[in-house]
Amino acid sequence: MSYLAPVNIPPRLIPITGLNNSQRRVRGTQSNHVLHFDNIEDSKLVVDMNQKLKQIFVTDCTGIQFQVLDSAVIGTRTVEFVDCHNVEIMFDEVDVRIIHFYACSGVILQFSDSETLTENIRVYWHGPDSIGNKVERTIIRPGTDPNKNFLMPVDVIASFDVADAKEDHLIVTSRLDGGKTLICSTTSQMDLENVPEAELKQLTRMSGVVRQELRDREKETESFKTEYPSSVLETLYSHEFDEFEEEDLHFDRHVEQVADAIRTAKHVVVYTGAGISTSASLPDYRGPEGVWTLRSTGGARSRPSKQLGEAWPTYAHFALVELIRKGYLH
């Protein structure tokens, strides 16, 4: 099977707005989709399992319950909330690294009890009036059937109060240390000159900037619809996950043999190399166009490669996650 060059599709804003006392489950997203939940009251919002998207913004929402479920992939690993009050937010086994709250109060922010994920998350609470907020470690209630529950019920393992950011230009940064303790640090405008550049970018981001970005993204989406008709998009999306296919008349039988072996095994170990990610446009090492292969031959790649932060999980990765979810892998 021949490889195609990595596909870079411009971001497209997907607005979900004006709901009141409603339920909305988001499915069928694409890697360039930017979800914008806006002006929603007393509603239940769910980003379903295994969705892939670019980023999430939530603005001017009150009394909502918002869940991003297991293995949703957020390309930027960033979620931002502006002027949201009395909201309950839960991330279930989702690799999110940065969360911003601008002038948000009464927030209950919940993470699934996974130290591997929570230790890498930074939450920025921007003043003024970011007050009365909590961070909680949770687990999905045992025996829950995701097909029968709109919202996944959770049990709280630990709850932590976040320090208030009452004044303008005051930022509280919180993180779960080893998933066990919430550590909060406070930064004022006067402290910024001593902050490293990478952290400064997050601390100086403001709600007005976020709102302007959303307005710009809305204009871009209008031209996007003209430049990328549905027929073109379908082709581009289909080329995002190119996989090798076994040209074998007995392919189905081989799949059944593997499935039976997994079902009956006492322990299953998945042993992979870098090749599991070549279809995500990440180079391997010793393959025909591997890093070491090309270095030794002086050759060049026939297609562009992606940086790790730009790549998306492949079908193989999703399959392994599904095996974990069903208890065959740990």
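**Cysteines, two sheets and a core**

Okay, let's start with cysteine 84: its sulfur sits 4.8 Å from the closest cysteine sulfur, the one in cysteine 104, and that's too far for a bond. Keep in mind that this is a predicted model.

So how many disulfides turn up in a search of the whole structure? The search finds 0. Cysteine 61 is in no disulfide either, and the nearest cysteine sulfur to it belongs to cysteine 84, 4.8 Å away. To count here, a pair of sulfurs has to be within 2.5 Å, so cysteine 84, with its closest cysteine sulfur at 4.8 Å, doesn't make it. Just as a reminder, a disulfide is a covalent bond between the sulfur atoms of two cysteines.

Are these two cysteines buried or exposed? Cysteine 61 is buried, at a relative accessible area of 0%, and cysteine 84 counts as buried too, at 1%.

Now the overall picture. The chain has 330 residues, and 41% of them count as buried. You'll find 7 helices and 17 strands along it. If you take contacts with a separation of 6 or more, 46% of them come from residues 24 or more positions apart.

On to the sheets. One is an open sheet of 8 strands, in the order β1-β3-β6-β9-β11-β13-β16-β17, with mixed pairing. Which strands stand at its edges? Those are β1, residues 12–17, and β17, residues 181–187; each has a single partner strand, so one side of each has no neighbour in the sheet. On average, neighbouring strands there are turned by 15 degrees against each other, ignoring direction. Within that sheet, β9 (78–82) and β11 (98–102) run parallel, joined by 5 bridges. If you want one pair to click on, glutamate 80 has histidine 100 in β11 as its bridge partner. Helix α3, residues 207–227, packs on this sheet and touches β1, β3, β6, β9 and β11. The direction of α3 makes about 110 degrees with that of β1.

The other sheet I want to show is open as well, with 7 strands in the order β2-β4-β7-β10-β12-β14-β15 and mixed pairing. Its edges are β2 (23–26) and β15 (154–161), each with a single partner strand, so each has one side left without a neighbour in the sheet. The twist from one strand to the next averages 15 degrees. Here β4 (44–47) and β7 (65–68) pair in the parallel sense over 4 bridges, and valine 47 stands opposite valine 68 in β7.

Let's look inside. The largest nonpolar core has 43 residues, and Phe37, Ile56, Phe66 and Leu109 have the most contacts inside it. Apart from that core lies another, of 7 residues, including Leu13, Phe57, Val210 and Leu214. Leaving out residues up to four places away in sequence, phenylalanine 37 touches quite a list, among them Ile16, Val47, Ile56, Phe66 and our cysteine 61.

Threonine 59 is also on that list. Where does threonine 59 sit? It's in strand β6, residues 55–59. Threonine 59 is buried, with a relative accessible area of 2%, and a polar contact of 2.8 Å joins its side chain to that of histidine 36. With residues up to four places away in sequence left out, the residues threonine 59 touches include Asp38, Val82, Arg211 and Leu214. Cysteine 84 is one of them too, which brings us back to where we started.

Key: Residues are numbered from 1 along each chain as its sequence is written. This is a predicted model: local features need pLDDT of at least 70, side-chain atom pairs count only at pLDDT 80 or more; totals for chains, interfaces and linings use all residues. Side-chain values use heavy atoms; hydrogens and water are left out. A nonpolar core is a set of buried Ala, Val, Leu, Ile, Met, Phe, Trp, Tyr and Cys residues joined through side-chain atoms within 4.5 Å. Buried means under 20% relative accessible area, exposed over 50%, partly exposed in between (1.4 Å probe, protein chains only). Contact means heavy atoms within 4.5 Å. Helices (H or I, at least four residues) and strands (E, at least two) are DSSP runs, numbered from the N terminus. A polar contact is a pair of N or O atoms within 3.5 Å; within protein, one must be able to donate a hydrogen and the other to accept it, and residues adjacent in sequence count only if both atoms are side-chain atoms. Two strands pair if DSSP finds at least two bridges between them. Axes are lines fitted to C-alpha atoms, for helices over the stretch in contact, and angles run from 0 to 180 degrees between N-to-C directions.
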